[in-house]
Structure formats: C-alpha cells, structure tokens
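The following exercises introduce a protein model to a reader who has not met it before. Each task is followed by a solution in steps.

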Amino acid sequence: MSLLLNRNHFEVFGRVVHVYAVVETAVQIALSGILRLPLHQTMILSAPYSSLQLKNVAKSSAKECLTPEHSQTFCNLVGQWSAHSQLRNSIAHNRWTRGSRENSIRPVFINVRAGKAKFGGYEDHERDWTIEEMAQSFEELAKLNERIKKFLRDSGLEQTIASMLDDNITTIDELPDED
C-alpha cells in the first residue's frame with residue numbers, strides 16, 4: 001500500500017470517476033433527444049467515443065438541432081463537464097506523487113501524442129490537488145447532473161426522449177438510478 005495515498009484518496013478517486021461517468025451518460029441521454037434517436041441507438045452509436053469526442057459531437061449536434069438559446073445552454077453544460085476531464089483522466093490513467101502544496105498530490109505521466117515524449121508531474125508549477133479539491137470536483141459534477149436533468153425538462157427534450165422509451169417511463173427521473 002502506498003504511503004502517499006490513503007483510503008480517503010481512493011474514496012474520492014472512485015467518487016469522481018463514477019459521477020463523471022454519470023454525467024457522461026446524461027450527455028448521451030440528452031444527445032438522444034437532440035438527435036431524436038431512441039436512447040438505445042444513441043448509446044450504441046456513442047459507445048466508441050472518448051469523452052472528448054462525445055463532447056464535440058454533443059455540442060455540434062446541439063448547434064445544428066436546437067434553438068440558439070437551448071444550444072447555448074446545453075453547450076455550456078457540456079463545457080462544465082469537460083472542465084473535469086483532466087482530473088478524471090489523471091485518476092484513471094496515472095500514478096501520483098507529492099504535490100507542491102501541503103497535503104496535495106499530482107499525477108505523473110508521459111505524453112507521446114505529439115510525436116515526442118513529454119514527461120509530466122515532476123515540476124512544482126504543474127497542477128496538483130488536495131482531497132478537498134477533488135471532493136469539490138465530485139460535488140460540482142453531481143450538481144451538474146441535476147442541471148442537465150433540469151435542462152432536459154425545461155427544453156422539452158425530456159418528453160422527446162420519453163416518447164421513444166418504454167411506455168411505463170414518462171420522465172427522466174423515472175430512469176433507473178446509477179446507485
């Protein structure tokens with residue numbers, strides 16, 4: 001067991017990764033209504049997408065298919081989700097070292113996407129997180145999921161999606177929980 005990371009780190013890691021996936025599913029559900037496709041078809045079509053690709057498809061679809069007001073609102077919500085991707089990806093793909101600030105940690109990584117190896121996580125100026133900051137990210141994502149549900153209701157997309165679901169489900173709130 002790592003002396004650097006403790007049970008509290010691993011708990012918040014799990015919370016962040018899980019709620020990030022819940023919001024990702026909410027974006028896919030919204031995309032179903034935006035494109036007027038049955039939910040299961042949208043889930044199949046978007047399954048291969050990374051979160052970056054889903055973000056781009058969702059925003060592009062909203063700009064093509066929604067009113068300017070609804071498009072702007074949805075794109076803003078998707079942008080808020082995307083703002084948490086660095087932390088989520090760091091949790092999922094990197095190991096961690098001590099951060100520059102007291103009680104902080106930062107991811108250690110190597111990036112080869114640009115065709116040249118870039119090592120990260122070793123400089124004091126690089127991003128680090130405390131447990132409290134990661135917990136704040138979790139809280140923001142959980143609240144964002146509720147704002148996406150509200151957007152679906154307010155925009156009328158909830159009814160569009162529900163009309164393509166099982167006859168027993170009439171609102172987004174009746175979808176099974178992720179618990």
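Helices (H or I, at least four residues) and strands (E, at least two) are DSSP runs, numbered from the N terminus. The model is predicted: local features need pLDDT of at least 70, side-chain atom pairs count only at pLDDT 80 or more, and totals for chains, interfaces and linings use all residues. Residues are numbered from 1 along each chain as its sequence is written, and side-chain values use heavy atoms, with hydrogens and water left out.

**Exercise 1. Overall description**

Task: State how many helices and strands the protein has, and describe its order, extent and burial.

Solution.
Step 1. The secondary structure amounts to 7 helices and 4 strands.
Step 2. Along the sequence these elements follow the pattern α-α-α-α-α-β-β-β-β-α-α.
Step 3. Taken along the principal axes, the box filled by the C-alpha atoms is roughly 55 × 35 × 30 Å.
Step 4. For burial, the cut-offs are under 20% relative accessible area for buried, over 50% for exposed, and partly exposed in between (1.4 Å probe, protein chains only). Of the 179 residues, 41% count as buried.
Step 5. Contact means heavy atoms within 4.5 Å. Among contacts with a separation of 6 or more, 58% come from residues 24 or more positions apart.

**Exercise 2. Helices H1 and H5**

Task: Determine at what angle the axes of H1 and H5 cross, and which residues make the contact.

Solution.
Step 1. Two packed helices are described by the angle between their axes and the distance between the axes. Axes are lines fitted to C-alpha atoms, for helices over the stretch in contact, and angles run from 0 to 180 degrees between N-to-C directions.
Step 2. Helix H1 covers residues 7–35 and helix H5 residues 85–93; their axes come within 10 Å and cross at roughly 120°.
Step 3. Angles under 35 degrees count as roughly parallel, over 145 as roughly antiparallel, 65 to 115 as roughly perpendicular and the rest as oblique. H1 and H5 are therefore oblique to each other.
Step 4. From H1, the contact involves Phe13, Val16, Val17 and Tyr20; from H5, it involves Ser85, Leu87, Arg88 and Ile91.
Step 5. For the classes, Ala, Val, Leu, Ile, Met, Phe, Trp, Tyr, Cys and Pro count as nonpolar, Asp, Glu, Lys and Arg as charged, and the others, Gly among them, as polar. The contact of H1 with H5 thus sorts into 6 nonpolar, 1 polar and 1 charged residues.

**Exercise 3. Helices H4 and H6**

Task: Describe how H4 and H6 pack, and by which residues.

Solution.
Step 1. H4 (residues 68–82) and H6 (residues 131–155) pack at about 165°, with their axes 10 Å apart.
Step 2. This angle makes H4 roughly antiparallel to H6.
Step 3. H4 contributes His70, Thr73, Phe74, Leu77, Gln80 and Trp81 to the contact, while H6 contributes Leu141, Leu144, Arg147, Ile148, Phe151, Asp154 and Ser155.
Step 4. By class, this contact has 7 nonpolar, 4 polar and 2 charged residues.

**Exercise 4. Residues in helices**

Task: Classify His9, Lys55 and Asn76 as buried, partly exposed or exposed, and name their partners.

Solution.
Step 1. His9 is in helix H1. His9 counts as buried because its relative accessibility is 6%. Apart from neighbours within four places in sequence, His9 is in contact with Leu4, Ile105, Ile131 and Met134.
Step 2. Lys55 belongs to helix H3 (residues 51–65). With a relative accessible area of 17%, Lys55 is buried. Not counting residues up to four places away in sequence, Lys55 touches Val78, Trp81 and Ser82.
Step 3. Asn76 lies in helix H4. A relative accessible area of 46% makes Asn76 partly exposed.
Step 4. A polar contact is a pair of N or O atoms within 3.5 Å; within protein, one must be able to donate a hydrogen and the other to accept it, and residues adjacent in sequence count only if both atoms are side-chain atoms. The side chains of Asn76 and Gln80 make such a contact at 2.3 Å.

**Exercise 5. Positive phi in loops**

Task: For Arg36 and Asn103, state where each is placed and whether it is buried or exposed.

Solution.
Step 1. Arg36, not a glycine, has a positive phi of about 55°. Its place is the loop between H1 and helix H2 (39–46). Arg36 counts as exposed, at 59% relative accessibility.
Step 2. Asn103, also not a glycine, has a positive phi of about 60°. The loop holding Asn103 runs between strand S1 (95–98) and strand S2 (104–111). At 60% relative accessibility, Asn103 is exposed.
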